Amino acid sequence: MKTFIIIFVIFIGLFPLNAFSACHSEFLCDNNENCRWVEVCDNPLDIPTPKVYMPRISPVIPPETPSIEPIGPPGSRGGKHLYNPDKDEWDWCFE
């Protein structure tokens with residue numbers, strides 16, 4: 001029973017070391033110029049956090065509302081119907 005308690009105390013004593021891991025990512029290269037991101041930890045007992053890679057999500061643009069091109073300012077070559085994300089609406093832009 002004593003050995004079980006001693007092993008349990010040692011295990012519990014080492015457990016908090018992993019909770020405060022001091023790991024960081026570095027971009028390392030070898031002699032053949034092969035470079036990659038590597039997790040570097042200060043303590044051999046530290047466990048690096050897993051990397052989660054999420055694909056980039058493009059913003060959703062609502063479908064263009066059909067409209068007739070308005071008459072532009074004098075000297076303009078024609079208008080383009082462009083989406084304005086600040087106003088969340090389609091608007092005419094003249095060159």
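This is a short tour of a predicted model, with a suggestion at each stop for what to select next.

**Stop 1: the cysteine pairs**

Start by showing the cysteine side chains as sticks. A disulfide is a covalent bond between the sulfur atoms of two cysteines. How many disulfides does the model hold? The count comes to two.

Select Cys-23 and Cys-41 for one of these links. Their sulfur atoms are joined at an S to S distance of 2.0 Å. Look along the S-S bond and you will find an angle of 105° about it, which makes this link right-handed. Now colour the strands: Cys-23 belongs to strand E1 (residues 23–29) and Cys-41 to strand E2 (residues 35–41), so this disulfide ties together parts that are 18 residues apart in sequence. Switch on the surface and check how well each partner is covered. Cys-23 is partly exposed, at 23% relative accessible area. Cys-41 also falls in the partly exposed class, with 27%.

Next, select Cys-29 and Cys-35. Here the S to S distance is 1.9 Å. This link is right-handed too, with 110° about the S-S bond. Are Cys-29 and Cys-35 buried, exposed or partly exposed? Cys-29 is partly exposed, with a relative accessible area of 47%, and Cys-35 is partly exposed as well, at 36%.

With both links on screen, number the bonded cysteines along the chain. The disulfides then follow the pattern 1-4, 2-3.

Before leaving the cysteines, click on Cys-93. This residue is partly exposed, with 36% relative accessibility.

**Stop 2: a nonpolar patch**

Keep the surface on and select Met-1, Phe-4, Ile-5, Phe-8 and Val-9. Together these residues form a nonpolar patch on the surface, with about 590 Å² of accessible area. Phe-8 is a good one to centre on. You will find Phe-8 in helix H1, which covers residues 2–19. Its relative accessible area is 47%, so Phe-8 counts as partly exposed.

**Stop 3: a hairpin**

Hide the surface, return to the cartoon and select residues 79–94. Which way do strands E3 and E4 pair, parallel or antiparallel? Strand E3 (residues 79–84) and strand E4 (residues 89–94) run in the antiparallel sense, paired over six bridges. To see one position across the pairing, show the side chains of Tyr-83 and Trp-90: Tyr-83 stands opposite Trp-90 in E4.

Finish at the turn. E3 and E4 form a hairpin with four residues between them. Pick out Asp-88 in that turn, where phi is positive, at about 55°.

Terms used. Residues are numbered from 1 along each chain as its sequence is written. This is a predicted model: local features need pLDDT of at least 70, side-chain atom pairs count only at pLDDT 80 or more; totals for chains, interfaces and linings use all residues. Side-chain values use heavy atoms; hydrogens and water are left out. A disulfide is a pair of cysteine sulfur atoms within 2.5 Å. Helices (H or I, at least four residues) and strands (E, at least two) are DSSP runs, numbered from the N terminus. Buried means under 20% relative accessible area, exposed over 50%, partly exposed in between (1.4 Å probe, protein chains only). Patches are made of residues with over 30% relative accessible area and no salt bridge: like charges are joined within 9 Å, nonpolar side chains (Val, Leu, Ile, Met, Phe, Trp, Tyr) within 5 Å. Accessible areas come from the Shrake-Rupley method with a 1.4 Å probe; for residues, only the protein chains shown count as cover. A salt bridge is a side-chain nitrogen of Lys or Arg within 4 Å of a carboxyl oxygen of Asp or Glu. Two strands pair if DSSP finds at least two bridges between them.
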